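This report goes through one protein model from its overall make-up down to single residues. Please keep the sequence and the coordinates at hand while reading.

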Amino acid sequence: AQPLLAFGQVILTAALLGLVGVGLWLTSMIRAMFQGYTPAIYLFAGQLFIAPATIALMLRANGTLPSNLLTLNVLELSLIGEAIFISLGLSSRVALLRREKRAVEATLESERASTAERLVRAQEEEKQRVAADLHDSVGQSLLVVVNRLGRLAKGEPKPDAVAEVATDARGILDEVRNLSRELHPNQVLRVGLASSLTDLSKRLFADTGIEATVRLDPEIDTALEPEVKVHIFRTLQAALVNCLRHAQASSVQTMANRLNGSFEFVVADDGVGFGDASTAPGLGLRTMTERMGLIGAEIDFSSRPNGGALVRLIVPANG
């Protein structure tokens, strides 16, 4: 730098930069120590060995201190002390990282256990629902068929009695098929997500007085993996069942659209809403959130009292 600046200016600039660096270092160290960061205390103590050694070297050079074993080796001794404290600081840092790792692992294990417990509870609730449907719907329908067959067996003639029994039997068969589809949506893998959602909406809201509309992008069946489509079907199924049971809505819409490199799925109704989505009881929102987390998708719940509810999924497309 001497061709551009005088030597004194170079030295002054270097000194000023050095002072700025030392000031920043001291500030960060002191702040870390006040925050209780133990490794910073060791590192700060280690650095303090250098300043006295430098002063001792300067005093020995101008004759203020005598030349003896201590003053001749003061720099080496200070470096040894610095190395010891830096080693202690690094050891403290490693111990701190290990404690943080154990804390994170404990938190993750607790979350995994909690998630597994909630999923098992959701499965048990689903089993209870299916058992209740079998008892209330299929069981009662079978009882009607048994009674009619019993009257036929006793020789009690009735016009079209056999046809009525056949009609009841077909109705029972349809109910069993519907329950089977709900237990494991093979139709998603067989006929596709779009057709399955359309059929689900028709079956759920038939004869309910609720206007159900479905608008789905046909690309969802080619752009999503089979497992992903099953999870989406289950989540939207839960959302539609919630609309049917809790929303008191007059209309519900199911939509799917391409959104940049993802797909957006929406279930919206004009019902009473459900207040705070994080505390809404009995709606299975947490299970729906966890199911979307399994496929790397996002889920959002929004609701206004007497203004309807909306469930929105953002699912990444393949590739």
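The text below takes up the chain as a whole, then the sheet and its helices, then the loops and a surface patch.

**Basis and overall make-up**

The model is predicted: local features need pLDDT of at least 70 and side-chain atom pairs count only at pLDDT 80 or more, while totals for chains, interfaces and linings use all residues. Residues are numbered from 1 along each chain as its sequence is written, and side-chain values use heavy atoms, with hydrogens and water left out.

The protein chain has 11 helices and five strands; helices (H or I, at least four residues) and strands (E, at least two) are DSSP runs, numbered from the N terminus. Of its 319 residues, 29% are buried, where buried means under 20% relative accessible area, exposed over 50%, and partly exposed in between (1.4 Å probe, protein chains only). The exposed area of the protein chain is about 20000 Å², with 61% of it supplied by carbon and sulfur atoms. Such areas come from the Shrake-Rupley method with a 1.4 Å probe, and for residues only the protein chains shown count as cover. Among contacts in the protein chain with a separation of 6 or more, 65% involve residues 24 or more positions apart; a contact means heavy atoms within 4.5 Å.

**The sheet**

Five strands form an open sheet in the order β1-β2-β3-β5-β4, and the pairing is mixed. At its edges are β1 and β4 (298-304), each of which pairs on one side only. From one strand to the next, the twist averages 10 degrees. Two strands are taken to pair if DSSP finds at least two bridges between them.

Helix α8 packs on this sheet, where it touches β1, β2 and β3, and its direction makes about 175 degrees with that of β1. Helix α11 lies across β4 and β5 and runs at about 150 degrees to β4. Axes are lines fitted to C-alpha atoms, for helices over the stretch in contact, and angles run from 0 to 180 degrees between N-to-C directions. The buried residues of α11 (residues 285-294) are Leu285, Met288, Glu290 and Met292.

Strand β5 (residues 308-316) pairs with β4 in the antiparallel sense over seven bridges. Aspartate 300 stands opposite arginine 312 of β5, and arginine 304 stands opposite glycine 308 of β5. Seven bridges also join β5 to β3, and these two strands run antiparallel. Here the bridge partner of valine 266 is arginine 312 in β5.

Which strand holds glutamate 264? Glutamate 264 is found in β3, and it counts as buried because its relative accessibility is 17%. Leaving out residues up to four places away in sequence, glutamate 264 touches Met255, Ala256, Asn257, Leu259, Arg312, Leu313 and Ile314. The C-alpha atoms of glutamate 264 and valine 315 are separated by 6.5 Å, although these residues are 51 apart along the chain.

**Residues with positive phi**

Most residues other than glycine have a negative phi. The table lists three non-glycine residues with a positive phi.

| Residue | Phi | Place |
|---|---|---|
| Aspartate 207 | about 60 degrees | loop between α8 (193-205) and β1 (211-216) |
| Asparagine 260 | about 55 degrees | loop between β2 (251-259) and β3 (262-269) |
| Asparagine 306 | near 60 degrees | hairpin of β4 and β5, with three residues between the strands |

Aspartate 207 is exposed, with a relative accessible area of 85%, and asparagine 260 is exposed at 75% relative accessibility. Glycine 296, which follows α11, also has a positive phi, near 70 degrees.

**A nonpolar surface patch**

Which residues form a nonpolar patch on the surface? They are Leu70, Leu77, Ile80, Ile84 and Leu88, with about 470 Å² of accessible area together. Patches are made of residues with over 30% relative accessible area and no salt bridge; like charges are joined within 9 Å, and nonpolar side chains (Val, Leu, Ile, Met, Phe, Trp, Tyr) within 5 Å. A salt bridge is a side-chain nitrogen of Lys or Arg within 4 Å of a carboxyl oxygen of Asp or Glu.

Helix α5 (residues 74-153) gives the largest share of the patch, four residues. Leucine 77 lies in α5 and counts as partly exposed because its relative accessibility is 44%. An α-helix has 3.6 residues a turn, so residues three or four places apart point the same way.
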